[in-house]
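Colleague: Could you take me closely through one part of this assembly, the packing of two neighbouring helices, and then work outwards from there? I am new to reading structures, so please name each element as you come to it.

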Amino acid sequence: MAEQERRDTQEQAEFRQYCRDWIGKNHPGEPSVRLPLSALEIMTQEQLAYLKHWQQAAYDAGLVGCDYPKEVGGGGRSDCQRVANEELLGAKTPYFPNIIGLGMAAPTVFYHASDELKQRLLPSLFSGEDIWCQGFSEPGAGSDLASVQTFAERKGDKWVINGHKVWTSLAHFADWMILLLRTDKSHKYDGLSYFVVPIASALGKGVTVRPLIKMTGETGFNEVIFEDLEVDDAYRLDELGKGWQVAMTTLLHERGAGDLVTPRAGGLKSGNSLSVSARSAIELAKKTKRNGSTAADDPLVRDRLMRQLIRENALSENQRRASVPALNDHPMRLALQNKLLASELSQDTAALALDIAGPAGSLYLADENAPARGQWPLAYMNSYGITIAAGTSEIQRNILGERVLGLAKSK
Amino acid sequence: MAEQERRDTQEQAEFRQYCRDWIGKNHPGEPSVRLPLSALEIMTQEQLAYLKHWQQAAYDAGLVGCDYPKEVGGGGRSDCQRVANEELLGAKTPYFPNIIGLGMAAPTVFYHASDELKQRLLPSLFSGEDIWCQGFSEPGAGSDLASVQTFAERKGDKWVINGHKVWTSLAHFADWMILLLRTDKSHKYDGLSYFVVPIASALGKGVTVRPLIKMTGETGFNEVIFEDLEVDDAYRLDELGKGWQVAMTTLLHERGAGDLVTPRAGGLKSGNSLSVSARSAIELAKKTKRNGSTAADDPLVRDRLMRQLIRENALSENQRRASVPALNDHPMRLALQNKLLASELSQDTAALALDIAGPAGSLYLADENAPARGQWPLAYMNSYGITIAAGTSEIQRNILGERVLGLAKSK
Amino acid sequence: MPQPKNFGFEDEANLLKDSARRFFAEKLPVDALHQLVAGQPSPEMAKINAWPESLWREMTELGWSGLTVPEAYGGIGMPYVAVAGLLEEHGRAACPSPLLPTLQSTAILSAAGDAAAQPLTEIVEGCSVSPVLMDESGGTDNPGVAVEHGQLEGVAHFVQDACKVDRFLVLAQHGDAQEFFWVDSKADGVHIEADAIVDLTRDQATVRFQGVEASKIEGDGATLLKQALPAVWMLVSADMVGGAEWLLQTTVDYAQQRKQFDRPLGFFQAVKHDLVNVMIAIDESKSLLYSAACALDTEPERCLSLAHMAKASASDTAAFASGRAVQCHGGIGFTWECYLHLYFKRQEHSLRLWGDAAWHRARLADLVIGEIGAQAA
Amino acid sequence: MPQPKNFGFEDEANLLKDSARRFFAEKLPVDALHQLVAGQPSPEMAKINAWPESLWREMTELGWSGLTVPEAYGGIGMPYVAVAGLLEEHGRAACPSPLLPTLQSTAILSAAGDAAAQPLTEIVEGCSVSPVLMDESGGTDNPGVAVEHGQLEGVAHFVQDACKVDRFLVLAQHGDAQEFFWVDSKADGVHIEADAIVDLTRDQATVRFQGVEASKIEGDGATLLKQALPAVWMLVSADMVGGAEWLLQTTVDYAQQRKQFDRPLGFFQAVKHDLVNVMIAIDESKSLLYSAACALDTEPERCLSLAHMAKASASDTAAFASGRAVQCHGGIGFTWECYLHLYFKRQEHSLRLWGDAAWHRARLADLVIGEIGAQAA
C-alpha cells in the first residue's frame, strides 16, 4: 500500500496509521460463514448478520463515513475515506453489506434531504443497522429510466404509491428504499419525484417483495410491488417534480463518478469464492492438462491471458491517472469508463476461463469435479448481470459519447 | 467448374460448351499491359484500349448481355449470363472495363428507358464501345444519397444542370453517365430525377472532370462539376420526381441483389497484381522468416490465417446457398450481405498480411525489397475505399437490419 | 466427385426439415420445454435429467434414429445434408433427446460396415446410443477404457445423454490398438455417474466400466473413428446453428416490440448492428455446415477440412449469438423466467465439446499450411 | 521503490508537455505539415524525405535532444514521465524529426555511463542519433553488422530517420559478444539506402557498412541494449498514443459537424460507439504508458513487464484508431487532401516496429506465466 502513502496529508497519514492499527486488532479473519462474491448476492440471514456486525464495528471505529460531517454521524474528516478504503481493501477484510446505502443512498440523502432527515437516517445507514435498497428500474423502464410509471398520488400530507419495481437487490433484507416515482403523468422528466421509504415496516402492508431468479438459478434480485402504500410527504427529497435531478446524484455516485467517496471494504476470499481475474485464469490454465502439457503452454491461450492481464492493469492505472489532473483532458473521461470496462473485462475473462477449461467448463456448481467448483460458468453468466445492470454497456457508451466526446444525443 | 454443370438446362449446357470452346480459342493470355486490380482503377489509355478490345470480342461472340433481348443488342437467352460468367471467371480471363455500364447502367436503362433509348444505348454499352460512369454521390450526399443537391432546371424540352459529383470512377474515360439529380427542392425523396448524360461530348462544355487522389496516392476516382450543362428531356429515365425509384434499381444491382446477372470476366493476374486472399497471406507467411522458422509456424498467425480462410469459404458458400430457396428463410438475406462481407474480409486479410510482414509491411510500392512489391499496404489502404464506397459498412448493416430483420429504421 | 450446386438438398431433405420443424413446434413448444426442464430453478439443480421420453419414441417411429443407417441394414440411408436440416430443427427446438449421439454413433458404425450390422439394426429399431470416447481433457486420442481379459475396464468422460441412451458405443484401448464395443447401458459393471452441467436440455456423465462383458465390433477403432469424426462434428454443428437462429429470431422479435426512449430497441444501431452481426455469423456457419454435410455425401477428399471449418465457425457463432441475445434483451434476458437461458446453456455446452473453435482451426492449419515445423523439415 | 501515485508527473513535466503542445501547434500546424511532406501526391513518392530541419534546430535549442541525458554529462536528466508527455505531443503533431531515435539512443548510451560520456555530450549539443540494431526480420538479437579487423562490416535494416540523423549508434557482433559503436552518418563506407515506406512523416533506410572506422563504446552491447529496450518501447508508444488522440479528436470534430439524414454523424450509435471504443483504447494505452514511464524512473523491477504492456497496447490502439478514423470520416477520409492519412501511415509504421502487439504479449507471458514448457521442466 505504501504507494498511496507518499502524498498523504498530515491528517491522512495519522488516520492511515490509526486504521492500520485498528484493522490489525479487529480483522475478523477467515469468515465463519460462506460469503457470496458481493453484498448484492447476500442470500441468508446468517450472512447478513455476520456482515452487519463487521460494518457496525468498522463504523464505531470511525472507518465508515469518515468524510461526512459529525452532525450526520460522519467522522468530520477531509478526504480520509479513500485512506480507510485503501487500508481495508489492502488488509482483505469482509465487505460492507449496506452497499446501496453507502454507495447511493447516503450521498443522495446528504445532498438533498432535510437536516432532520439526514440526522435521522445517516447514522444507522453508516453503521449498517439499516440496510438500504434502490427502487429505480421497472419492467417498462430499464435503460430509459425516466419512463418509470410507479405513481404517487397526493393525499393531504401523504402520498399513495402504486407500482412495480424490479432488479431490487437486498429488498428482502432492506429497512429503507430510495424510490424514484412519478407524480405527474403529463411530463416525462419533470413529472418525477424521489422518496426515501421505510420498507421493512411496510412489508405485507402495501409492499410485496418477490424474489427474481437469475439465469444462473440464484436469487438476489427482487421485484417490489406497491399497492396503495401511504408515505409521508416528509420523505420526499426533491422539490416536487424535480426527482430526476435527485436521481442524477444517485447515478453519478453509482457510476463511481460522484465526489463523495463510497466507504469500501473487501478482498477477503471466503474459502470457495472465486476472483474473476487474469491471475485466476492463469492458475486454471496451469492446472488444465492439454495434449501432454498444460493450457498455459498454448500460445493462443497465453495471448488471450495477456490481453486480459493488460486490460486489468490498464483499468487500475486508469483509476490512478484519473487523480492526476495534468494527465486528463476531460474530468469525467476516465471516471465514466470504470463500470463499462470492469464489467466487460470480467465477462471476457470468464469466457476465456471457460475456453481454457474446455468441455469441463460445462460442469456447474453441484459437480464435485468442476474446475473452481463450477464458479467459472457462474461468473460468466453473472457477468451479463453486470453489463446490463446500472446502465447497460450500450447506455454507458452513449453517456461517454455524449458527455465526454460531445456527440449528439442518440435519443 | 464441373460443379455448376450438373443442373444446366439443355440451353445452358450447349451454351456452356460454346463459351468454353470460344474462350479456349480466344483467351488473350498473359496481358501485354500491367492491369490494375479492378476496372475502377484503370489509369492509362493503353490499359483501357486493351480491355475494351477484349470486351468487344466477348460481346461479338455473344458472351456479354446474353440474357437481354435481341432487340436491345442482347443474346435473347434465358439465364445464360451466369453460365458465361462461370466459364469466363473459371478460365481466368481479363475483366471487362465497362463495369459500371454492365453492372448498374444496363439494368437501369433496360427497366426504365424508352425502347428507342434502349436500342440506342445498350449495344454500345455491352460491346464496351461506350464506357459508362455513375454520378450519384456528392460532397454533401454520401451515405444520405437522397440529399443530392445537383440541380436541373427545366428550359423547354431541355434541362440545365449545375452541381458537383464525387467518387466518379472512370469519369475521365466515360462516354455516358447515369446521373441522379434534383428537380424539386421542396421534396427530398420525391424531388429527384434520373438522367443518362452523354458526358464525353460535353467535356469542357459544361462538364469538368477533376481527378480525386486517394490516400494511397493513386488516382481513380474523380470529381465531376456541372456548370449550365444542357441535357435533352429525352435523356430523363424517370417519371418526373420519381428518380429515387429508378436509383433503387441501380443500387439493387450494384449490391448484387438485382435480378439481371451482371456480365463478369476476370481472374487473370497480370504479373504484379496481388490477390487479397488467405492463400496469398499464407504464401507471405511461408516466405517470412521469424526467429529461426517462418511466420507460417507461428500458432497465432496460423489461427488468424484460418479465420480468414474460413470466412472466405463461408462467403463463397453463402453465394452458393443463396440459390437454394429451401435453405433461405428470406430471399435477400444472403444477397445483401455480399458487399459487406467481401469488403471487411479483404480489409482484415490485408491487415493480417501486414502483421505477418512485420516492419517490412511499411515498405511501399517504390521499394525494391517490399514483400509482394508493396501491394499489401496498398491493398490495406484501398480496402477502406471498399468499406466506404457504394454504401458504407454501417449503411449496409442498417439495410440488413431493416430490410431483412425488419427492425425499425435508424433515421 | 464435385459437390452439386444445391448441396444435394433435394425435396426429400426439404420435406424432412419442414416436417421436423412442424413436429417440434407442435410437440415441444418452448414454454412446455421450459416447464419440463426448468420447472424448479436452482443453481444446484443441474443433475436433474428431465426429458420427454415419449417424444423420443415418436421420433424413432418416424425413423429418425435410423436415418443415416445404410439401407443394407434396414435404415433409410438419408444423405447428410438432409440430416443436417433435421438437426438444425432439433437445435432450434433445444430438444432434449439422444438423437445427436445416436446419429454420431451411427456414423462410426456405418464406417464399420457389416461388422456393425447388428448394432445398426438395433438403431433402426429405435435403440438410442451414445459414443464413449473422451478422456478427462475431452480428447479422443487416449480412451480411458481398456480391454482387460476380454472385459472393459476404466473410466470415460463427457458421455453425452448417458442417462437417456440404451447403448454405449465404447472406444477401448486393446494393447497397441483401439477397438469399438457395443454395450448395454444397463449392463453389469457399467456405472453411470451423472455430471452436474449448466445445460438443462441434455445430460452428461462420467461412465465407469468394471469387468464389463461387451461385444466387439471388428475393425481398427482408431481408423473407424477417424473416418467418422467429420460427421460427428458436422452433426453437432447443425444443432448449434439451429439454436443460434432461434436466439436471433427471438431477440429480433423482442427488439421490434420492446420500446425504450419511445422507440423500438431495433431503432438503435447498437442493437441493430449487433443483431445483424449475429445474423452474418449464423449465415456463415450455416453455409459452411451444408457444404461440410454435402462433402460427407459426395466429396470425401474435402470433408475433413470442411468439417473443421463448420465446427470452428459454429462454435464461435454459438457463443456470439448467445451472448448478444442476453445483452440485447437487457434485464429480462438475464432472468430464469425468460427462455433464453435454455439455449444459452445448451450452446455453451456444445461449443466446447468435440473440439472448440481454436482446436479445429489449428487442425485445419495442419491440413492447409502443413504441421508446425514441417517446412523446416 | 514503489511508484508515486501521480506517476511522478510533477509541474516541470506538465510545463514541458504544455509548451511542447503550444510549440508544435504554432510551428507545425497540420496544414503546413501536409504541404511539406505530402505536396506531390503519388503512390511512388515514398522515398521523398522532406522535413523541417530548422524546426529540429529549435527543438535542440530548447534542449529536447538532451532531455534524458544525465546531468553528469551536461544533460537535463528529466524523468521519463516528463519525456513521455513531450513525445505524446510530438506524435500528436506527427512531427518529422529525429527526436524519437535520439532519445532511444540516449537510453542505450545512458546505460553505458561514463563509457558514453563523449556521445552523450554531443547529443546535449544538439546532435541527432539513430540506433542501428535490426536484422531484416526487425529483430535485435542478431545484428547484421559485425566487427572485422576493427572495422564495421555488414548491413542493418529499418534504421529510423537515417537520412536525418548526424550519428548512428551501431550494435555490432564482435566474436561471441556484441558491442555498440558511435558512427558519423557521413563517415566513409557508410551507405544509406533509403527505403520507400508508407509513412510520409519519417524516413527509414537500409544502412550498409563497408570498412567503417568507428569508436567503440565500452561495455557489453547485449547487456546495454537489454537495459535500454523498455525505454525504447515506451518512447515509441508515447508517440503512438499522441497520434491516436489526434485521430480521435479530429474524427470527433467531424462527427459533430458532418450531417447525414439531417443529423450529425455522432447521433448514430455506429459512429458514436466506435469513437467511444477508440477513446477507451487510447485511455488504456495512455495509462499503461505513464505507468511504464514511471517504472523507468522509479521501479526498475517492473519496467520490463510494464513496457511490454505499454507497447502491446499502444500498437493495438494505433491500428484501431487509424482504421476507425478513416471509416467514420467516410469518403473524404479516404482522400489525399484529408490530413488523416499522414497519421494513419505514421501509426501503421510505428505499430509493427520494435515488436508488434502479439510479440510483446508473448514476451510478457514468458515473464508472467513462465516460458513455454518451463512448467514441465
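Modeller: In this predicted model, helix H8(A) passes helix H9(A) in a left-handed crossing. H8(A) covers residues 278-287, and H9(A) covers residues 299-321. Their axes come within 9 Å and cross at roughly 160°. An angle over 145 degrees counts as roughly antiparallel, and H8(A) and H9(A) are therefore roughly antiparallel to each other.

The contact can be followed residue by residue. H8(A) contributes Ala278(A), Ala281(A), Ile282(A) and Ala285(A). Facing them, H9(A) offers Val301(A), Leu305(A), Gln308(A), Leu309(A) and Glu312(A). Sorted by character, the residues of this contact comprise 7 nonpolar, 1 polar and 1 charged.

Other helix pairs, formed between chains, may be set beside this one. The axes of H8(C) and H8(D) come within 8 Å and cross at roughly 90°. That angle makes H8(C) roughly perpendicular to H8(D). On the side of chain C, the contact involves Gln269(C), Ala270(C) and His273(C); on the side of chain D, it involves Gln269(D), Ala270(D) and His273(D). Here the residues divide into 2 nonpolar, 4 polar and no charged.

A further pair joins chains B and C. Helix H12(B), residues 393-404, packs against helix H8(C), residues 269-298, at an angle of about 80°, with the axes 9 Å apart. H12(B) and H8(C) are therefore roughly perpendicular to each other. From H12(B) come Arg397(B), Asn398(B), Leu400(B) and Gly401(B), and from H8(C) come Lys272(C), His273(C), Leu275(C), Val276(C) and Met279(C). This contact holds 4 nonpolar, 3 polar and 2 charged residues.

Let us now return to chain A and consider which chains touch it. Chain D places 42 residues in contact with 41 residues of chain A. On the side of chain D, the elements that each supply at least two residues are helix H7 (221-257), strand S10 (263-264), helix H8 (269-298), helix H9 (300-329) and helix H11 (357-368). H8(D) gives the most, with 13 residues. The residues on this side of chain D divide into 24 nonpolar, 12 polar and 6 charged.

Chain C touches chain A as well, with 35 residues in contact with 37 residues of chain A. In chain C, helix H9 (300-329) and helix H10 (340-351) are the elements that give two or more residues to this side. H10(C) provides the largest share, 4 residues. By character, this side of chain C has 17 nonpolar, 11 polar and 7 charged residues.

Within chain A, there are also paired strands to examine. Strand S2(A), residues 151-155, and strand S3(A), residues 158-165, pair in the antiparallel sense over 5 bridges. Lys155(A) has Lys158(A) in S3(A) as its bridge partner. The hairpin of S2(A) and S3(A) has 2 residues between the strands, and Gly156(A) takes a positive phi near 65° there. S3(A) is also joined by 7 bridges to strand S7(A), residues 221-232, and these two strands run antiparallel. In that pairing, the bridge partner of Gly163(A) in S7(A) is Phe226(A). In a regular strand the side chains alternate between the two faces of the sheet.

The loop between S1(A) and S2(A) holds Pro139(A). This proline is partly exposed, with 13 other C-beta atoms within 10 Å. Leaving aside residues up to four places away in sequence, Pro139(A) touches His164(A) and Val166(A). Pro139(A) and Trp376(A) are 237 residues apart in sequence and 29 Å apart in space, C-alpha to C-alpha.

One more helix of chain A completes the tour. In helix H4(A), residues 81-90, the buried residues include Gln81(A), Val83(A), Ala84(A), Asn85(A), Glu87(A) and Leu88(A). The buried residues of H4(A) pack against helix H2(A), residues 10-26. After H4(A) comes Lys92(A), whose phi is positive, near 50°.

Methods. Residues numbered from 1 in each chain as written. Chains lettered and ligands numbered in written order. Predicted model: local features only at pLDDT ≥ 70, side-chain atom pairs only at ≥ 80, totals over all residues. Axes fitted to C-alpha atoms, helices over the stretch in contact; angles between N-to-C directions. Parallel < 35°, antiparallel > 145°, perpendicular 65-115°, else oblique. Left-handed = near helix turned anticlockwise from the far one by under 90°. Contact = placed C-beta atoms within 7 Å. Nonpolar A, V, L, I, M, F, W, Y, C, P; charged D, E, K, R; others polar. Pairing = 2+ DSSP bridges. Buried ≥ 20, exposed ≤ 12 C-beta atoms within 10 Å, placed from the backbone.
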